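Open the viewer, keep the selection box handy, and follow along. We'll go stop by stop, picking residues and looking at what surrounds them.

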Amino acid sequence: MSLLDSILPSEPTKKMMMNEPVETLFSKIASNLVGKPINRVDGSLKVSGQAPYSAEIYRENQVYGVLVSAKIAKGQIENIDSSALDDIPGIIKVVTDRQHFLRNSQQGGETKAPTQGVSEIFYHGQPIAVVIAETFEAATEGANALKVSYKDETEQAALNFTKELANAHDVDEKKGSDKNAINGDPEQGLADSAVTLDRFYHTPSQSNSPMEPHATLAYWEDDKLIMYTSNQMIASCKQQVMDALDLKKDQVQLISHYVGGGFGSKLGIAPESIAAAISAKELGRPVLICMTRPQVMEATVRRSNTRQRIAIGCDKDGIINTLIHDTVTSNLPGEAFFEPTALSTKYLYRGENRRVNYKKVDMNQVLSGSMRAPGEAVGMIAVECAMDELASQLNIDPIELRRRNEPEQDPSQDIPFSTRQLIACMEQGAEQFGWDKRNAKPASQLEGDWWIGTGMAASARGNQLKPSEARATLQVDDSKELGIKAIIETDMTDIGTGSYTVFSQVAADLLGLPIDHIEMKLGDSDFPPAVGSGGSMGAASAGSGVYLACEQLREMLADKVGLYPDTIQLDNGQVKQAGEHNPSVTEAAIETVKDKLEGLKNTVTEKTDLSLPKAGEGKYDFSHFQSYALADIIATYDEQKISAKGQIKPGKNATSHRQASFGANFAEVAVHRVTGEIRVKRMTGAFAAGRILNHKTATSQCYGGMVFGIGSALMEEVIHDKRDGRLCNHDLAEYHIPVNADIPQLKVILVEEDDPYTNPMHIKGIGETAISGAAAAIANAIYNAVGVRVYDFPITLDKLLYELPE
């Protein structure tokens, strides 16, 4: 089923497929808000607790469910004994459906249900049943008391990644997240190179750890399932629910008005969603299931651990001729997803001999899937640490080495870049950071008990456009100062990134209204379908739907009053003609304008000036055309409103040009000379991501990416017990993420860029670009501080302690 099925022929729709570079209306209109660092339009609701999240919705007669998780890593369920729950007040029922319950979450964008069936256990923590009670406390007590017996096969479970490397197998490129690729003769090129570097890098599993846990409130209205659920991608998640429960399109509605983070873990439906739906059907009552923090970490998504080989061959001047990036990653048996570590390796640096190769190990551990910047976040750790080591080996400044290897076009496909601002990002970042003052020699700066070092790394993240729609409606509203408001509808979500705000800015500028005259409606599958939040493509894709819907309204308004859509100006609730009228306009067209002006006279107010002075020779002077009040024009329509849709689809630009955002991270660290403790003292990031819709929310996204990089470099690591598969650090007390005390003052530079190949707004994703390379910049700074290279992440003090300089 297509995400575009909801298009109705009767509803005016502006469609665009990106087959060539396009102009943007932002360059033609009196844009007052796009790009400005305005505050979040939903900020006051969030800080005052008025923005409802899924677990905060209440329905009459609602009950509560708590998932029961498997205590083995591999085996079969033998029996579920609920007799211990008989004496617990408030217990209603133990619900299990061994056929339809979800084994694991689904990947982002998939339209089929994830693997179903829970009779067989594939990982410790797999949900197998749900206890329903009148209160959350009773359900929790019941879930803890439920007795489950197993036919245990844990001894045969795959729990040790290192031991399982011998069983690594080829990936499914058709269903996976990247493809193997080879150019030239990489191994021979490496052997023939004057200078070589060949290293293995290891990155651990990581947890997405969103602030809001996964939660679903499900209830049925006759045969229709309604779910308030925490999801990033509503349209595809709805299709997953339909497939899992064999329901039709009009039988499912998903609602996610506010989502408290996801970082990839909420791209697809999770086990609690189908369990809540099935339970609600059985009981005939609304059921809320909210995962505990351990369950979120044990039974939703992890970033895969990786072993990456980076091999580089170059001449004595550092000109790269060979680049090899081989990766082994892990996932549950039967799952196609693998961590696409080499996405940016394919186009980041020059080199005629190149290889990207993936293999996968089947493990009895929670599903591995997308986590913020899947691929680049850990892949660029390996690539950028290797580049830094090569620069040191050649005695070349790390920025200069990258400059020498700047490709003229994508070296893996021989296609041009739509834009490429990597050098500009490095130069602007270096200037702000004071890179020219660094000590190039490792372990050469000791301040008290702290070794000081600096490092840098490039950043890159591919840009994508996905099919998306939106609806824009202009309607009379006497409660507004200008007597009108715009309602924008799309099922796109806001996961804290600022969707409500940036889309409001786009609509306000294109429709010439103050931002408080825009009513933004998001996160409901009854709205036109968009790609959703994920992959740094939500703002560009869903935002283009909003843009095109507003553009269609502009064209309808221009036609209504006989003006030209390419010169019409909407400003502060007024419709104006911008500049001189097209001299080729016919007398008939002028008569049409006159007729429409006369037709409006009976409905307009004193806000509208209908004068149309003559310019000589009987022609009307459109350059002196005054204005209509937008509210007056809309009042002439039936129901005093007009609506239009916008629809964006990718086109030839996606393959004719390499589209990517670029950046550079710079870091200064201090390493204690006795304990090996590491402190990040300061960081600067410079990023280019096309036109920026909101400088404040974009900067905030970059802050978040850089903080993710600090966590990846220094502390984040999911630890599974290699004996029984138990997740040892399944809460935020033991799974360490950066807190305020770990983060220095961050500096973000947004490098100016305009990319007409991307979408009609000329924007690109930025949040995930900032994390790419951030961890490597810190690792390279640690080397500069103490002269120790670490290839096994995260870099904890025990990995430095015995190699610290005297």
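Begin with Asn353, which you'll find in strand S19, residues 353-362. Is Asn353 buried or exposed? Its relative accessibility is 14%, so Asn353 counts as buried. Zoom in on its side chain and draw a distance to the backbone nitrogen of Asp185: you should get 3.1 Å. Now show the neighbourhood. Leaving out residues up to four places away in sequence, Asn353 touches Asn183, Gly184, Asp185, Pro186 and Gly189, along with Asn321, Thr322 and Leu323.

Before going further, colour by confidence, since this is a predicted model. The chain's mean pLDDT is 93, and 93% of its residues reach 70 or more. Two stretches to pick out are residues 1-9, where pLDDT stays under 50, and residues 610-624, where it is below 50 as well. The model gives residues 1-9 24 contacts beyond four places in sequence, and residues 610-624 have 28 contacts beyond near neighbours in sequence.

**Next stop: Thr341**

Select Thr341, in the loop between strand S18 (320-331) and helix H8 (345-348). Its relative accessible area is 0%, so Thr341 is buried. Which residue's side chain makes a polar contact with the side chain of Thr341? Look at Thr327: the two side chains come to 2.6 Å. With neighbours within four places in sequence left aside, the contacts of Thr341 also include Thr306, Gln308, His325 and Tyr358. Gly375, Val378 and Gly379 are in contact with Thr341 too.

**Over to Met18**

Met18 sits in strand S1, residues 13-18. With a relative accessibility of 2%, Met18 is another buried one. Measure C-alpha to C-alpha from Met18 to Lys649 and you'll read 6.7 Å, although the two are 631 residues apart in sequence. Not counting residues up to four places away in sequence, Met18 touches Leu465, the run Ile648, Lys649, Pro650, Gly651, Lys652 and Asn653, and also Pro756, Tyr757, Thr758, Asn759 and Pro760.

**Into the cores**

Nonpolar side chains in soluble globular proteins tend to be buried together. Here the largest nonpolar core has 82 residues. To find the members that touch the most others, select Val671, Met683, Leu714, Ile778, Ile782, Ile795 and Leu800. Helix H9 (residues 376-394) supplies the largest share of this core, with 11 residues. Another core, of 60 residues, lies apart from it; among its members are Leu465, Phe503, Cys550 and Leu570.

Stay with Val671 for a moment and show its contacts, ignoring neighbours within four places in sequence. They are Asp449, Trp450 and Trp451, then Gly676, Glu677 and Ile678, then Ala785, Val786, Leu800 and Leu804.

**Rings and charges**

How many aromatic pairs turn up in a search of the whole structure? There are 11. Take Phe263 and Phe708: their ring centres are 5.0 Å apart and their planes are at 55°, so the pair is tilted. Phe263 lies in the loop between strand S14 (252-255) and helix H6 (271-283), while Phe708 is in helix H17 (residues 695-714), so the pair ties together parts that are 445 residues apart in sequence. Show the surface and compare the partners: Phe263 is partly exposed at 28% relative accessible area, whereas Phe708 is buried at 13%.

Then pick Tyr53, Tyr258 and Tyr500, which ring pairs link into a cluster. For charges over rings, try Arg420, lying over the face of Phe417 at 4.8 Å from the ring centre. Do the same with Lys560, which lies over the face of Tyr637 at 4.4 Å from the ring centre.

**Last stops: backbone oddities**

Which two residues are joined by a cis peptide bond? Select Phe793 and Pro794, where omega is about 0°. Pro794 belongs to the segment after helix H19 (774-786).

Two residues other than glycine with positive phi round off the tour. Asn61 has phi near 70° and sits in the loop between helix H1 (43-47) and strand S2 (63-69). Its relative accessible area of 40% makes Asn61 partly exposed. Gln640 has phi of about 55° and is in the loop between helix H15 (630-634) and strand S30 (641-650). At 39% relative accessibility, Gln640 is partly exposed as well.

Terms used
Residues are numbered from 1 along each chain as its sequence is written. This is a predicted model: local features need pLDDT of at least 70, side-chain atom pairs count only at pLDDT 80 or more; totals for chains, interfaces and linings use all residues. Side-chain values use heavy atoms; hydrogens and water are left out. A nonpolar core is a set of buried Ala, Val, Leu, Ile, Met, Phe, Trp, Tyr and Cys residues joined through side-chain atoms within 4.5 Å. Buried means under 20% relative accessible area, exposed over 50%, partly exposed in between (1.4 Å probe, protein chains only). Helices (H or I, at least four residues) and strands (E, at least two) are DSSP runs, numbered from the N terminus. Contact means heavy atoms within 4.5 Å. A polar contact is a pair of N or O atoms within 3.5 Å; within protein, one must be able to donate a hydrogen and the other to accept it, and residues adjacent in sequence count only if both atoms are side-chain atoms. Rings of Phe, Tyr and Trp (its six-membered ring) pair if their centres lie within 6.5 Å; planes under 30 degrees apart count as stacked, over 60 as edge-to-face and the rest as tilted. A charge sits over a ring if NZ of Lys or CZ of Arg is within 6 Å of the ring centre and within 35 degrees of the ring normal. pLDDT is the predictor's confidence in each residue, from 0 to 100.
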